[in-house]
Amino acid sequence: MDTSESSLALGVFCGFSTGPSDRYVQAATELGAGLAARGHQLVYGAGGAGLMGAVARGAAEGGAPILGVIPEFLRAKEMNDHLPPQQIVLTEDLLERKRVMIDRADAFVALPGGYGTLDEVLEVVSMAALGQDVGPLVLLDVDDDWLPLLNYVERLQGRGFVRDAGILRVARTPEQALDMVAPTSAGALALAGDPQGKQAAS
């Protein structure tokens with residue numbers, strides 16, 4: 001998928017929790033603000049709390065268009081949550097939500113989250129590993145949250161179950177994550193010679 005265009009639909013996977021420190025909400029807010037500053041659209045899970053709410057508010061304050069995708073049963077539970085202005089797509093279940101988000105996004109950034117975030121990340125990674133044109137995915141690490149997953153994937157690769165562990169790329173800051181999924185001129189120079197994002201993961 002071509003991510004060289006100036007404007008992308010950027011799918012963000014993240015948790016409904018705020019995480020163990022203020023750094024997580026700060027990273028999510030900066031990611032939303034950063035994608036807005038670059039002229040991108042946010043595609044996310046239509047949550048108003050936790051990291052979901054933080055990334056959406058950051059994007060909305062920067063004027064980014066937002067597409068929120070949520071199953072009807074979750075929307076009914078979260079009707080009282082404050083959502084920034086956005087287009088809402090209601091789905092029948094979590095599987096349809098995941099499919100709509102993947103279909104509507106050009107690239108993906110994943111902040112830490114729970115089972116749902118892991119499911120979304122691994123779906124995109126599996127599609128990429130099978131050669132599907134799904135767009136790049138970058139894991140935005142706040143405090144080594146993704147390290148256990150990366151270590152496990154390396155073990156799988158060592159045992160012959162995974163062929164390309166390099167599909168999982170890591171950024172340490174929202175700016176790095178945005179540069180890795182859609183490089184600007186400055187970002188492309190910063191990542192020159194490092195297509196797998198290894199500098200960001202060090």
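The paragraphs below go through this predicted model, from its overall make-up to its cores, a helix pair and a few single residues.

The protein has nine helices and seven strands. Of its 202 residues, 47% are buried. Among contacts with a separation of 6 or more, 70% are between residues 24 or more positions apart.

The largest nonpolar core has 33 residues, and V12, L42 and L111 have the most contacts inside it. Two or more residues come to this core from each of the strands β1 (9-13), β2 (41-44), β5 (107-110) and β6 (137-140), and from each of the helices α1 (22-37), α2 (50-61) and α7 (174-181). A second core, separate from this one, has 26 residues and includes F13, L67, M127 and L149.

Helix α7 is mostly covered, with six of its eight residues buried. The buried residues in α7 are P174, A177, L178, D179, M180 and V181.

L111 can be followed outward from the largest core. Apart from neighbours within four places in sequence, L111 is in contact with V12, F13, C14, A27, A28, L31, L51, T117, L140, V142 and W146. One of these partners, T117, is located in helix α5 (residues 115-129). Is T117 buried or exposed? Its relative accessibility is 3%, so T117 counts as buried. With neighbours within four places in sequence left aside, T117 is in contact with F13, C14, G15, L111 and W146. With C14 there is also a polar link: the side chain of T117 reaches the backbone oxygen of C14 at 3.2 Å.

Helix α5 also packs beside another helix. Two packed helices are described by the angle between their axes and the distance between the axes. For α4 (residues 94-104) and α5, the axes come within 11 Å and cross at roughly 55 degrees. An angle of 35 to 65 degrees falls between roughly parallel and roughly perpendicular, and α4 and α5 are therefore oblique to each other. The crossing of α4 past α5 is right-handed. On the α4 side the contact is made by K98, R99, M101 and I102, and on the α5 side by D119, E120, E123, V124 and M127. M127 is also a member of the second core.

Strand β2 contains Q41. Because its relative accessibility is 22%, Q41 counts as partly exposed; the cut-off for buried is under 20%. Not counting residues up to four places away in sequence, Q41 touches L8, A9, L10, L35, P65, I66 and L67. Q41 and A60 are 19 residues apart along the chain, and their C-alpha atoms are separated by 9.9 Å.

Two loop residues have a notable backbone angle. Most residues other than glycine have a negative phi. A46, in the loop between β2 and α2, has a positive phi near 60 degrees. D144, in the loop between β6 and α6 (147-158), is not a glycine either and has a positive phi of about 60 degrees. How much of each residue is accessible? A46 has a relative accessible area of 0% and is therefore buried, whereas D144, with a relative accessible area of 38%, is partly exposed.

Methods. Residues are numbered from 1 along each chain as its sequence is written. This is a predicted model: local features need pLDDT of at least 70, side-chain atom pairs count only at pLDDT 80 or more; totals for chains, interfaces and linings use all residues. Side-chain values use heavy atoms; hydrogens and water are left out. A nonpolar core is a set of buried Ala, Val, Leu, Ile, Met, Phe, Trp, Tyr and Cys residues joined through side-chain atoms within 4.5 Å. Buried means under 20% relative accessible area, exposed over 50%, partly exposed in between (1.4 Å probe, protein chains only). Helices (H or I, at least four residues) and strands (E, at least two) are DSSP runs, numbered from the N terminus. Contact means heavy atoms within 4.5 Å. A polar contact is a pair of N or O atoms within 3.5 Å; within protein, one must be able to donate a hydrogen and the other to accept it, and residues adjacent in sequence count only if both atoms are side-chain atoms. Axes are lines fitted to C-alpha atoms, for helices over the stretch in contact, and angles run from 0 to 180 degrees between N-to-C directions. Angles under 35 degrees count as roughly parallel, over 145 as roughly antiparallel, 65 to 115 as roughly perpendicular and the rest as oblique. A crossing is left-handed if the near helix is turned anticlockwise from the far one by less than a right angle, and right-handed if clockwise.
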